[in-house]
2 protein chains.
Amino acid sequence: MSETKEKIVSLADKLIRVKGFNAFSYKDISDPLQVKNAAIHYHFPTKSDLGMEVLDKELRSLEENSAKWKKLPEDEQLIKFCGVFRKHCNNGNVCLMGSLAPDYETLSPEMQQKVQQMAATILEWMTGCLEQGRKHKRFRFKGDAGDRALLVISNLQSSLLLSRVLGPSAFNRISRQLLEDLGA
Amino acid sequence: MSETKEKIVSLADKLIRVKGFNAFSYKDISDPLQVKNAAIHYHFPTKSDLGMEVLDKELRSLEENSAKWKKLPEDEQLIKFCGVFRKHCNNGNVCLMGSLAPDYETLSPEMQQKVQQMAATILEWMTGCLEQGRKHKRFRFKGDAGDRALLVISNLQSSLLLSRVLGPSAFNRISRQLLEDLGA
DNA sequence: GTCTATATTCCGATAGAC
DNA sequence: GTCTATCGGAATATAGAC
């Protein structure tokens, strides 16, 4: 992938997280890169094509991380996962799910399906992490691991949304108590 | 408030929850009400004015509910609160915070301040409910009640976002486990 | 209070030169 | 791969008649 194309995707990712998919425009990308909007359309004919590339990049990042963390104890894996959210919080970002889920009904069918895939991938990873971690006595929690995974994911997702409105202390308080509850 | 004006606000509320604030247009309101967009602008000169009315209505609804539930045991109050979210889930809605927080940076300063106020109001109510409920032995949980309130709010908020993508089982699983954790 | 009509701006997208 | 130029459409918003 060309350098310009990578910059476009990276900027689009940032814009989705800060302004939302429907609120950013090609001008928000072409201006900082000092090109014309036609240049963006050359790389990504439609806005949906651009959104798809952002989602594909995020999915690859998820796979890379889970592979990279595979040998770590599960509690450390979860702390790494929280660290990704912490970094986004510090950068004023929300997560892609938190940004795209409210806009879901306005997205192209392709993007809807990809968002679905992303949600399923995250849920699957988190469920496995919690299940294995409990088996290895590194977590303690009641109930089904899949249900617990949904709780943890929703905590982290909304911690970034709430931090937007209430300040970054929301993320700190949520992530700290979350890990303590699990005994991590 | 005139009947038309109320219909406009009610429809705007629905549109914010389904499509997002930046994705809906005056046409989405004027068409179903069979009026022209100028009629909407007569009642609400700017889109921000309309958004403010939706937020004010939600704040009044929050105050009404908390007053109406004041005499109930705290666990029943929380179940009532979850019921509001359940209803939204069944209607394909997300909550106002879940919709407006991702768009926060694109909102007018007035709306930003009102969203902040709404978040603070919800957090305050939930903190009090949990704190009193624990004192009265109707909840059991560890740590600060304010931290726990943030966790519960983020669970409910994201349960609607995830239900958009993964289907309504996400809400059911999250709300059920959430109440069980609290011993409610 | 609602209408017609329009101003203004912006957006996504495309054609064709270079 | 990027440019100029432009199309077609949609959005918010306003002026003035009724």
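Colleague: Which backbone atom lies 3.0 Å from a phosphate oxygen of DNA strand D?

Modeller: Keep in mind that this is a predicted model. A polar contact is a pair of N or O atoms within 3.5 Å. Here, a backbone N or O atom of B:Tyr26 sits 3.0 Å from that phosphate oxygen of DNA strand D.

Colleague: Okay, and which side chains join in on strand D?

Modeller: Look at A:His43: an N or O atom in its side chain is 2.8 Å from a phosphate oxygen of DNA strand D. For a base, try B:Asn37, which has a polar side-chain atom 3.3 Å from a base nitrogen of the strand.

Colleague: What share of the strand D atoms by the protein belongs to sugar or phosphate?

Modeller: Within 4 Å of the protein, it's 65% of the atoms of DNA strand D, and the rest belong to bases.

Colleague: Which helix gives the largest share of the surface near DNA strand D?

Modeller: That's H3(A), with four residues. Helix H3 (37-43) of chain A and helix H3 (37-43) of chain B each supply at least two.

Colleague: And where do I look for contacts on DNA strand C?

Modeller: Try two backbones first. A backbone N or O atom of A:Lys47 is 2.8 Å from a phosphate oxygen of DNA strand C, and one of B:Lys36 is 2.7 Å from a phosphate oxygen of that strand. Then there's B:His43, with a side-chain N or O atom 2.8 Å from a phosphate oxygen of DNA strand C.

Colleague: Which helix supplies the largest share of the surface near DNA strand C?

Modeller: H3(B) does, with four residues.

How values were computed:
Residues numbered from 1 in each chain as written. Chains lettered and ligands numbered in written order. Predicted model: local features only at pLDDT ≥ 70, side-chain atom pairs only at ≥ 80, totals over all residues. Heavy atoms only, no water. Near = heavy atom within 4 Å. Polar contact = N/O pair within 3.5 Å; in protein donor to acceptor, adjacent residues only side chain to side chain.
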